[in-house]
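Student: I would like to learn how to read a structural model carefully, one feature after another. Could we begin with the idea of packing?

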Amino acid sequence: MSTPAPTTGTPTTGIEIRQHNAITTARYEMSAVEMDIVFSLLSVLRKEDKPGTIYRIRVKELEQMTGRSWNYQRLLEATSNLRSREYVIEDNKHVLQVGLLASALYVKGEGIIELEISERMRRYLIDLKNNFTSYRLQSVFSLSSKYAKRIYQIASQWKDIGETKTFTLDEFKVMLSLKDPKGHEPEQYEKISALQKYVLDVATTQINEHTDLRINYELIKKGRSFHSIRFFVNGQVPQQLPIPFEDGAEEEKQRRALQNLEELEIRDPKLVSQILGDAKKLNALFSFCYKHKTGKVKADKNPGGLFLKMVGLR
């Protein structure tokens, strides 16, 4: 899959969409939950999908995939923002004003969100998906900080070079929506120590621990004050398996189940077959791994044995 060329600092919503020299911009930074929903949507989006296709996102699977819990109200606010926020897509001939979602339907009591994308946005979302490898999408899922998500996207565009261009701190803050270029909103993290503590160091730690990149940054002074920043970028092998774009939903589920079983050190072919072939045991596996990952189940010594006992296989 192709990788987008380095950008020149155009402010974005945290996701930059480019196709045939078209650039999408918006006024607001996406929240972490909004970005999780968008990347989940991208994982099931197919080029051959017909207009009006409804995409079903299971909240529990989203939580299992990201390791984070989102309550109903925050999900509702996120899809409302994704539906109502305006994107402006401009090329040499047209200026398009469009929302990302045409509708979002919550199925009460079932933990399911049905999403309908705006048809005029479809080709740009397909292009965005094509600009992400499966590893990169999984990496973004793993980042809880919205600043880490954005810095990861910036760093990814420069990984073949080894370092990013040097951004002025003003440019960088605009890219992360920490500063309003028109000056209508107050600037965030004006002190460099706060920018390092709450943005740069958090993002660097998360990216290095959870993604296919290893980064560090350099703050550059002009006179006595810090004036600009650049990132050094290297690749590394991520610990997580990628979300398989090419497979269908069931294949994705089976692959994630195999990954979970491997993490629990359950490798006996008979046990693996029994779990994968039983819908209740499969759902119990995802639930157990999610609870274990988030500390709701304590089983440091032998989590696999505990799971097998819970589902009656030991």
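Tutor: Before we speak of packing we need the notion of a contact, which here means heavy atoms within 4.5 Å; please keep in mind as well that this is a predicted model.

Student: Against which elements do the buried residues of H8 pack?

Tutor: The buried residues of H8 pack against two kinds of element, namely the helices H6 (146–156) and H7 (169–175) and the strands S9 (213–222) and S10 (225–235). The residues concerned are Ala194, Leu195, Val199, Leu200, Ala203, Thr204, Gln206, Ile207 and Asn208.

Student: How many residues does H8 have, and what is its reach from the first C-alpha to the last?

Tutor: Helix H8 covers residues 192–210, which makes 19 residues, and its reach from first to last C-alpha is 25 Å, close to the 27 Å expected at 1.5 Å a residue. The axis should be examined too, and H8 bends by about 35° at Leu200, a residue that is also listed among the buried ones of this helix.

Student: What does the same comparison of spans give for H11?

Tutor: Helix H11 (residues 279–293) has 15 residues, which should span 21 Å at 1.5 Å a residue, and because its end C-alpha atoms are 21 Å apart, the two values agree. Its buried residues are Lys281, Leu282, Leu285, Phe286, Phe288, Cys289 and Tyr290. At the start of H11, a side-chain oxygen of Asp278 comes to within 2.9 Å of the backbone nitrogen of Lys280, while just after the helix Gly295 has a positive phi of about 80°.

Student: How should the sign of phi be read in residues other than glycine?

Tutor: The general idea is that most residues other than glycine have a negative phi. In this model Tyr189, in the loop between H7 and H8, has a positive phi near 50°. Glu265 lies in the loop between helix H9 (249–263) and helix H10 (269–276), and its phi is positive as well, at about 60°.

Student: Are these two residues buried, partly exposed or exposed?

Tutor: A residue counts as exposed over 50% relative accessible area and as buried under 20%, with partly exposed in between. Tyr189 has a relative accessible area of 26% and is therefore partly exposed, whereas Glu265, at 59%, counts as exposed.

Student: Which strands form the open sheet, and in what order?

Tutor: The open sheet consists of 3 strands in the order S8-S10-S9, with antiparallel pairing. Its edge strands are S8 (167–168) and S9, each of which pairs on one side only. Between S8 and S10 there are 2 bridges in the antiparallel sense, and Phe167 stands opposite Ile229 in S10.

Student: How many residues lie between S6 and S7 in their hairpin?

Tutor: The hairpin of S6 and S7 has 4 residues between its strands, and Gly109 in the turn takes a positive phi of about 80°. Strand S6 (residues 101–107) and strand S7 (residues 112–117) are antiparallel and pair over 6 bridges, with Ile113 in S7 as the bridge partner of Tyr106.

Student: What do the totals say about the protein as a whole?

Tutor: The secondary structure comes to 12 helices and 10 strands, and 49% of the 314 residues count as buried. Among contacts with a separation of 6 or more, 63% join residues 24 or more positions apart. The protein exposes about 16,500 Å², of which carbon and sulfur atoms supply 48%.

Methods
Residues are numbered from 1 along each chain as its sequence is written. This is a predicted model: local features need pLDDT of at least 70, side-chain atom pairs count only at pLDDT 80 or more; totals for chains, interfaces and linings use all residues. Side-chain values use heavy atoms; hydrogens and water are left out. The expected span of a helix is 1.5 Å times one less than its number of residues. The bend at a residue is the angle between axes fitted to the seven residues ending there and the seven starting there. Buried means under 20% relative accessible area, exposed over 50%, partly exposed in between (1.4 Å probe, protein chains only). Two strands pair if DSSP finds at least two bridges between them. Accessible areas come from the Shrake-Rupley method with a 1.4 Å probe; for residues, only the protein chains shown count as cover. A polar contact is a pair of N or O atoms within 3.5 Å; within protein, one must be able to donate a hydrogen and the other to accept it, and residues adjacent in sequence count only if both atoms are side-chain atoms.
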